[in-house]
Amino acid sequence: LDEADARLWCAPSSSPMSSLKVQLTQAAAPSPPSISFVERYKVAVEARINLKHVHRRLQAFARVLIVGTFMDDALRVMCDYRGQAATMKSVGWGVSLPPGSQAAVQSLMPSVFIATQTIGVLLILTRLAPQAGCLVLVAWAGVHPFMYAQQKNLEFLLESVTIIGGLLILLTSERAIATRERLLSGGGGVLGTPAEQKEAQANEKNQLLFAGRLMLCAVFVYYSVKMSIERVQALLGGPINHEDPIHALFALFVLLLLVSGTGLIIVGIKSRWCAMGLALVMGCAALYKHPWFITMWSSNSFKLDFVVGYEDVQVDAWLYSDHQRYFFFQSMSTVGALLLLVVHGPGPLSADEQDGPLEFASEKTVA
């Protein structure tokens, strides 16, 4: 036989038995997992947009928003120092002291307000000591309603609780960054073996993030209850019984969205999407309810109907706008807190991430 015939003779034949073996092997091999439309869309978006960079910018934007109310309040007190000292006198601070000491305390308190908020904001934005800055602002947000005798203003109180929740989420992020940097630099952690250290730090982070998520929902629970009472009054012939049907249906729709979104965030189901939706609604509501940038140019006088204890007080446009600006930035701080939840997620103590935090495709491809 020549060389060509020898190769043909020695080549393995494709018998029916070998063909059946190949088919059985292919059938036994695991089929690739099916990918949902949402997953394919997410992968396609992340292939064109680096979502890690988007989230970093969103985190920076949220950080500025959440400290915005403290920056604005410090500037507001600084520009109206005498008015703030007079407010301290009107709410009764230092009344039990001698007249000389009483005036000194009332004049000194606004400077303490300015220093406390300015220091906290600078520590966070300059990243000199962001954890300390978060704790300073948490303490201030906790005492602020009582300093201005607004403890009976439930909405004001719960706005402060919501801002504290956002600061706790920010504190969780800053603690995680500090721990990562310490481990990269070879520094030690808490006492115990490396596994015990990692578990203790993870538990502390998860509990802090869970507390922040619950506190973040405080003001939305208040709005849900308030709107529910108004809807019940409308059905039973209350003061808003004669409202426009279209307005009533829209209010009911908003109520259902608010209740469902708040409940999902508390439980931890689709928390990022719900937080993004609530952030958009809260931002639009702040522009509508507190248009200080419009009323500040008015020549009319207004009632401070949104400040407890001053409902019947008629003030000039600039003072009315000054208070409106405060509540506007307070609402925007709530928007910042919601955006932080979008960035960091609900944490393992939730239905979404009980098996671990969600990852982006851009993060999964990193070697």
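I started with the pair H12 and H14, where Ser271, Arg272, Ala275, Met276, Leu278, Ala279, Met282, Gly283, Ala286, Leu287 and Lys289 of H12 touch Gln324, Phe328, Ser331, Met332, Thr334, Val335, Leu338, Leu339, Leu341, Val342, Val343 and His344 of H14. Contact here means heavy atoms within 4.5 Å, and helices are DSSP runs (H or I, at least four residues) numbered from the N terminus.

Note to self: this is a predicted model, where local features need pLDDT of at least 70, side-chain atom pairs count only at pLDDT 80 or more, and totals for chains, interfaces and linings use all residues. Residues are numbered from 1 along each chain as its sequence is written, and side-chain values use heavy atoms, with hydrogens and water left out.

Next I checked the geometry. H12 and H14 pack at about 165°, with axes 8 Å apart; angles run from 0 to 180 degrees between N-to-C directions, and axes are lines fitted to C-alpha atoms, for helices over the stretch in contact. H12 is therefore roughly antiparallel to H14 (over 145 degrees).

Then I looked up H8 and H10. Their angle is about 145° and their axes are 7 Å apart. Leu154, Glu155, Leu158, Glu159, Val161 and Thr162 of H8 meet Ala218, Val219, Tyr222 and Tyr223 of H10.

Last, which elements give two or more residues to the lining of the second largest pocket? I found helices H8 (154–184), H10 (218–235), H11 (245–267), H12 (271–289) and H14 (317–344). For a pocket, I used an open set of points on a 1 Å grid over the protein atoms alone where a 1.4 Å probe fits, with protein on both sides within 12 Å along at least five of seven lines; lining residues have an atom within 4 Å of a point.

Note on methods: Angles under 35 degrees count as roughly parallel, over 145 as roughly antiparallel, 65 to 115 as roughly perpendicular and the rest as oblique.
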